[in-house]
Amino acid sequence: MPILYGANPTWADVTPVPQEDGGPHPLAAIAYAEEYSEAMGYLRAVMAANEYSQRVLGLTEHIISLNPAHYTVWLYRAKVLDQIGANLADEISWLNPTALQHLKNYQIWHHRQTIIDKLGSPEGEGPFISTMLEQDSKNYHVWSYRQWLVKRFDLFDEAELAWTESMIEADARNNSAWNHRWFLVVGRKGGQALEESIVDREIQYAKAAIRKAPQNQSPWNYLGGVVRRAQLPASSLKDFVLEFADLDEPDKVFSSHALDLLADIYTQDEDKKDEARKALDLLAVKYDPIRAHYWNYRKGLLDSSPAAQQIA
Amino acid sequence: MSLVSGPGRAGMADTPVELQLFVDKHVRYIQSLDTRKDELEYWLTEHLRLNGLYWGITALHLLGQPDALPRQGIIDFLLSCLHGNGGFGAAPGHDAHMLYTVSAVQILATLDAFDEFEERIKGGRKRIGQYIADLQDRETGTFAGDEWGERDTRFLYGALNALSLMGLLHLVDVEKAVEHVHSCANFDGGYGTRPGSESHAGQVFTCVGALTIAGRLDLVDQAKLGAWLSERQLKNGGLNGRPEKKEDVCYSWWVMSSLAMLNKLHWIDGEKLTAFILQCQDPEGGGLADRPGDMVDVFHTVFGIAGLSLLKYPGLQEVDPVYCMPRAVTKRCLGK
Ligand SMILES: [Zn+2]
């Protein structure tokens, strides 16, 4: 039965511990594939003996290559690194290809975070993240890790903003990249007011992206967010919105998001209730019928008290 | 909620085949999961075993087949995953973690087995509660998943979920937890894993769920979040988890349950979503996949069925949108 460890003299002192199946019930019995089963047997043995050594590092590496989602292995590996004072730069060199092989795994990111935190330098992380994002540009774990990196090493700078812009340029529909921009520009401010020049810059930036792809949700959300954050009235966007949705030309609506915002602007204007109703009808019937119930709900608000009309 | 129209109510015999839920096939599929130990896949997913058990049991209860898995075997298995510190691992020999501990509590609640558990492990319930409570960072209100300290709103939600089911919410600082959730609210109305993280429907579910348990939905910008959630519906009826992403059956649950907690479930098209979920079934082998044509798994099976329950699909038990458990069970545990 043993294949790799049983015949290996460096492991001769260890007796593998078989899977404990918790008693005579059918819900957990022994049937690992041989390789995995053997490696796990040795892991249980070294864990029971609290062994921290180079060979255990190799063993965890082997198990992770077979099953990276096994969180107990990651935890034990982290303990081993700590106990034997391993070279952490080597750990990162090993993690890079491992992360690329297992794109959906998230344990690996927490592990990486603790290592980089101890190393105390973000060097090399930027290029590695870019390589990861080439595989999946919206990988949630990778973007979360990037935020941590920016906070940990105070990287709220022009270079980070330029990199984020390049990500948006590559794909304006990448909502993760838009969120990162918000995090860099607005989020870091906490409750503080934004400078007027920044508000202007952000509004222009979002508008330019919308003009390129008017039906893209992300820049519309961003634009609305900046306007609200700066406490500007929604009506300040009216001229812009009319570029994409004008009630005088109901057949030429280029963006349901524009029509949504237009309805909102009209709703807040006591004299424009009919226009608001018309915009919401267009959404319910023609431009976004799958959400007809929602648009009709908004229409219902038009007849209720002004306080209930603040939608956006 | 009443505005959501299910598919035809004429009874299964008159339901067109594309709108049928293959109840018996799904029951058999879930029963079969544990007999597949000769497959490597079974062992490579060992780190999800306890979650998988919760998903399977919940699906069976919602399908009205609560006895389709052996109760005693389940309880024995749970006990074999319990650590001395009151936490549960995914399987015997795995470290304790918040996510498995929550699943274990949910299973005990669903099987109405707290008393039996207490008989076998004296003071066991309290010990579980203490394990969870010790994972709270009292400064920030957040929760870690285990001793290694990764923070995520999923863990915070899980903690409030399990503690409330056991009547032990007083062991943690709920107010601080609420403050933390509130700090994860984003400019688009949604919530992420940590302050600043991108809005994600799964994370919205955990945050709105936590706030519902804490009785603090007043902190949510409900119109804005409701609009964001309803925007998740795509033309094919399915729901995605973030803007510009693909539809996926599990998001039926994260999005719909959040809308249900906000009383806005009628903002999406229930008929089209029902049809989408039903298309994700394997009509022969049973089980549901993330989208039509893909491989089925127990995760998408339970969330598809729970979604159909929220949509009032005929013949299913009512699901509690906050806990993803049968409503009858949460009523019994919470007394409301
Ligand atoms: Zn899914």
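Start by selecting D320(B): leaving aside residues up to four places away in sequence, this residue touches W253(B), M325(B), P326(B), R327(B) and T330(B). The model on screen is a predicted one.

**Stop 1: around D320(B)**

D320(B) sits in strand β3 of chain B, residues 319-320. Its relative accessible area is 6%, so D320(B) counts as buried, the limit for that class being under 20%. Display the side chain next. The side chain of D320(B) reaches the backbone nitrogen of V322(B) at 2.9 Å. The side chain of D320(B) also forms a salt bridge with that of R327(B), with an N to O distance of 3.6 Å. R327(B), at 18% relative accessibility, is buried as well.

**Stop 2: the zinc ion**

Stay in chain B and centre the view on the zinc ion. Which protein atoms are its donors? D248(B) is listed twice through OD, C250(B) gives SG and H300(B) gives NE2, at 2.1 to 2.4 Å from the ion. The four donor atoms subtend angles of 56 to 121° at the zinc ion, which makes the arrangement irregular. A tetrahedral label would need all angles to lie between 85 and 135 degrees.

Along the sequence, the donor residues follow the spacing D-x1-C-x49-H. Colour helices α12 (residues 249-261) and α14 (residues 298-310) of chain B: C250(B) lies in α12 and H300(B) in α14, so this pair ties together parts that are 50 residues apart in sequence. Both C250(B) and H300(B) are buried.

**Stop 3: where chain B meets chain A**

Zoom out to show both chains. The contact draws 60 residues from chain B and 50 residues from chain A. About 5100 Å² is buried between the two chains, with 55% of it on carbon and sulfur atoms. How many salt bridges and polar contacts are counted between chain B and chain A? There are two salt bridges, and 18 residue pairs are in polar contact, both residues being at pLDDT 80 or more. On the chain B side, select α2 (40-44), α4 (71-81), α5 (98-110) and α11 (222-230), the elements that give two or more residues to the side touching chain A.

Now select R291(A) and E231(B). Their side chains meet in a salt bridge, 3.8 Å from N to O. The pair crosses between chains: R291(A) is in the loop between α14 (273-287) and α15 (292-302) of chain A, and E231(B) is in the loop between α11 and α12 of chain B. Buried or exposed? Both R291(A) and E231(B) are buried.

**Stop 4: charged side chains in chain A**

Over all chains, the structure holds 32 salt bridges. For one inside chain A, select E165(A) and R181(A), whose side chains meet at 3.1 Å, N to O. This pair links distant parts of the chain, 16 residues apart, with E165(A) in helix α8 (residues 158-170) and R181(A) in helix α9 (residues 175-185). E165(A) is partly exposed at 26% relative accessibility, whereas R181(A) is buried at 1%. Add R201(A) and E202(A) to the selection: E165(A), R181(A), R201(A) and E202(A) are linked in a network of salt bridges.

**Stop 5: A230(A)**

Finish in chain A at A230(A), in the loop between α11 (217-229) and α12 (238-242). A230(A) is partly exposed, with a relative accessible area of 26%. Draw a distance from its C-alpha atom to that of R188(A): the two residues are 42 residues apart along the chain, and the C-alpha atoms are separated by 15 Å.

Definitions and conventions
Residues numbered from 1 in each chain as written. Chains lettered and ligands numbered in written order. Predicted model: local features only at pLDDT ≥ 70, side-chain atom pairs only at ≥ 80, totals over all residues. Heavy atoms only, no water. Donors = N, O, S within 2.8 Å, 3.2 Å for Na, K, Ca; no water. Tetrahedral: all angles 85-135°; square planar, octahedral: opposite > 155°, others 65-115°. Helix = DSSP H or I, 4+ residues; strand = E, 2+ residues; numbered from the N terminus. Buried < 20%, exposed > 50% of the residue type's maximum accessible area, 1.4 Å probe, protein only. Contact = heavy atoms within 4.5 Å. Buried area = accessible area lost by both parts, 1.4 Å probe. Salt bridge = Lys/Arg side-chain N within 4 Å of Asp/Glu carboxyl O. Polar contact = N/O pair within 3.5 Å; in protein donor to acceptor, adjacent residues only side chain to side chain.
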